[in-house]
Amino acid sequence: MKQTIILWMCAAVLSVAGLTSCSDSDDDDVILVKDYTNYKSAIVGTWYLASQSSGWGGITDYNEGEIMVTFTNKGKVKVVNHREDQRPIPTSTFTYSFKKIEKSIFTGEPSVVISFDDSSFYYSIDFDQGVLYFSAEAYDGGGYTLKKASK
């Protein structure tokens, strides 16, 4: 009888310890969402616009050097467009900032988004091996794919 009680107590302690020590990947995302410096340090540098999606329309591809985008660590982004038609983004300088939204249309979860010139139009951000994706937080919105510029 004593062994059964000890066995049950050990099982209860292990169950409680196992439940409280589990790491939930959502917790890691929340920490990342609160820490905008991770995004800023990843985005700073010179990129080129590789493609632009217009949402319901097609995708337009661009060559390296056609449209260069430089993000500074002071919240500025400079676009240098060498195309004659200046599409899709004309040569200009913007400000950028990060914001936490409560629900992304892509994940349904809290997310960090970027906006330009304090606009209320946001883009979700994703990084993957030297590629930066901006996806409009709108059901019919487009997006941009940028690649790190070669030196």
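Accessible areas here come from the Shrake-Rupley method with a 1.4 Å probe. With that in hand, hello everyone, and let me walk you through this protein, which is a predicted model. Its accessible surface comes to about 10100 Å², and carbon and sulfur atoms hold 56% of that area.

Let's start with the overall layout. The protein has three helices and nine strands. If you follow the chain from the N terminus, the order is α-α-α-β-β-β-β-β-β-β-β-β. There are 151 residues, and buried ones make up 29% of them. As for contacts with a separation of 6 or more, 38% of those are between residues 24 or more positions apart.

Now to the aromatics, which I think you'll enjoy. How many aromatic pairs does the structure hold? The count is ten. One of them joins F116 and Y123, with ring centres 6.1 Å apart and 65 degrees between the planes. Why is that pair called edge-to-face? Because planes over 60 degrees apart count as edge-to-face, and this pair is at 65 degrees. The two partners are covered to differing degrees: F116 is partly exposed, at 21% relative accessible area, while Y123 is buried, at 13%. The cut-off for buried is under 20%, so F116 at 21% falls in the partly exposed class.

Both rings also belong to an aromatic cluster, made up of Y39, F71, Y96, F98, F116, F121, Y123, F127, F134 and Y144. Keep F116, Y123 and Y144 in mind for a moment.

They come back in the second largest pocket, which has about 250 Å³ of space. Its lining counts 14 residues, and those closest to the pocket centre are I89, F94, F116, Y123 and Y144. Which elements give two or more residues to that lining? They are β3 (67-71), β4 and β9 (143-148).

Strand β4 covers residues 76-81, and N81 is part of it. Please find N81 on the screen. Is this asparagine buried or exposed? N81 is buried, with 5% relative accessible area. A polar atom of the N81 side chain lies 3.3 Å from the backbone oxygen of R87. Beyond its neighbours within four places in sequence, N81 is in contact with E66, I67, Q86, R87, P88, I89, P90 and T91. You'll recognise I89 there from the pocket lining.

Next, strand β6, residues 111-116, where we find I114. Its relative accessible area is 0%, so I114 counts as buried. Which residues does I114 touch, not counting those up to four places away in sequence? The answer is I43, F71, Y96, S97, F98, F121, Y122, Y123, I125 and F134. Among them, Y96 is 18 residues from I114 in sequence, with 6.7 Å from C-alpha to C-alpha. Several names from the aromatic cluster turn up here too, including F71, Y96 and F98.

Last stop: D118, in the loop between β6 and β7 (123-128). While I114 is buried, D118 is exposed, at 65% relative accessible area. Leaving out residues up to four places away in sequence, D118 touches T95 and S97. D118 and T95 are 23 residues apart along the chain, and their C-alpha atoms are separated by 7.4 Å. S97 is also touched by I114, which ties our last two stops together nicely.

Thanks for listening, and I'm happy to go back to any of these residues on the screen.

Methods. Residues numbered from 1 in each chain as written. Predicted model: local features only at pLDDT ≥ 70, side-chain atom pairs only at ≥ 80, totals over all residues. Heavy atoms only, no water. Phe/Tyr/Trp six-rings, centres within 6.5 Å; stacked < 30°, edge-to-face > 60°. Buried < 20%, exposed > 50% of the residue type's maximum accessible area, 1.4 Å probe, protein only. Helix = DSSP H or I, 4+ residues; strand = E, 2+ residues; numbered from the N terminus. Polar contact = N/O pair within 3.5 Å; in protein donor to acceptor, adjacent residues only side chain to side chain. Contact = heavy atoms within 4.5 Å. 1 Å grid on protein atoms, 1.4 Å probe; cavity = no way out; pocket = protein on both sides within 12 Å on 5 of 7 lines; lining within 4 Å. Points joined across faces, edges and corners; volume = space filled by probe spheres on them.
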